[in-house]
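Please open the model in your viewer and keep the selection tool at hand. The tour below proceeds from the whole chain to individual residues.

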Amino acid sequence: MRVLAYELRRLRSLRSTWLIVSAVVCCDVAAAVVLTRQLPAGPLSTTEAVRAVTALVPLLPLPFAALGAGALGALSYRHEVRYPGLAASRVTLLRRLWLLVGKLVVLAPVALALAVLTLTLDALAVRLALPTGVTLGVFDDPVLRPELFVDGAPVGPARSLAAFVLLVVVSGWAGLLFTAVVRSAVAGLLALLAAPVLLEPAAAMALSRLGDSWPLWAQELMPFRFSLGRFGLGSGLGSRLGLASSARPGPVAGLAPAGVAELLVTLAVPGVVLLLGCLLTQLRRRAL
């Protein structure tokens, strides 16, 4: 509990924490407004609504909220290296590991709150900036409104938004762990930016082997892949990687159990490797 209280007090007292949160909120709302003003006339689809509310900017591998959470995680470790507050944690391996665990535990609710805050403000901005030619359609009709939960499981936009919140939390953890390995916040953030660009083809290849494609709720949260398609580069990239089946239009709404298992394993392997790398670097060091 001392480690958690220390990390929460340190994170709250840093000026960079509030600067990052303010920058993320401003960029997120501005991007949501711009994306909303570019919507075509007609009824608003769930895919367009999700991308506007989550402020998915093309050519960025991660949303602004995920980048902000990653920056908070990276600076959390970097500030500890430059200005250590717990001198004993720089000597004992067990204390250093407990400090890392405490940082991960505190970072999770902070990233969660950042994701919820951006979603709330973006939804308000989208509602206010909606062009006159765009209608909310089923979102405004209480009878035709899409169900968010069926048999207790999230479906439709609720599943995409839940995946977005999870993405923000995982990005915060990844930023912290990458920086723990390289001891540089800049290098940690660059590694975080490169991770989705490298993981997406690997996961798509695993799905193509089973004849599946990305589910709709996952494809709605891939701005980098979406931007390649807009510039006519998606099919060419997919053919060079042997991913023609994963780039076909009309992604399925769900995956077979075998596809889900293989996709989870493909995405979990880099996380396990990152955790092991962080542990090995701490074993070889005498300080954070």
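What percentage of the 288 residues in the chain is buried? In this predicted model, buried residues account for 41% of the chain.

**The whole chain.** Display the chain as a cartoon, in which 11 helices and 4 strands may be traced. Of the contacts between residues at least 6 apart in sequence, 81% join residues at least 24 apart. When the surface is switched on, the chain exposes about 14900 Å², and carbon and sulfur atoms supply 71% of that area.

**Helix α3.** Next, select residues 46-53, which form helix α3. Buried residues in this helix include Ala49, Val50, Arg51, Ala52 and Val53. Then select Ala55, which follows α3 and has a positive phi, near 55°.

**Helix α5.** Proceed to residues 93-129, helix α5, and select Leu99 within it. Is Leu99 buried or exposed? Leu99 counts as buried because its relative accessibility is 2%, below the 20% cut-off. Now add Glu80 to the selection: Glu80 and Leu99 are 19 residues apart along the chain, and their C-alpha atoms are separated by 9.9 Å.

**Helix α11.** Finally, select residues 257-284, helix α11, and locate Leu280 in it. Leu280 has a relative accessible area of 52%, and is therefore exposed, the cut-off being over 50%. Extend the selection to Val272, Leu276, Leu279 and Leu283; together with Leu280, these residues make a nonpolar surface patch of about 450 Å².

Terms used
Residues are numbered from 1 along each chain as its sequence is written. This is a predicted model: local features need pLDDT of at least 70, side-chain atom pairs count only at pLDDT 80 or more; totals for chains, interfaces and linings use all residues. Side-chain values use heavy atoms; hydrogens and water are left out. Helices (H or I, at least four residues) and strands (E, at least two) are DSSP runs, numbered from the N terminus. Buried means under 20% relative accessible area, exposed over 50%, partly exposed in between (1.4 Å probe, protein chains only). Contact means heavy atoms within 4.5 Å. Accessible areas come from the Shrake-Rupley method with a 1.4 Å probe; for residues, only the protein chains shown count as cover. Patches are made of residues with over 30% relative accessible area and no salt bridge: like charges are joined within 9 Å, nonpolar side chains (Val, Leu, Ile, Met, Phe, Trp, Tyr) within 5 Å. A salt bridge is a side-chain nitrogen of Lys or Arg within 4 Å of a carboxyl oxygen of Asp or Glu.
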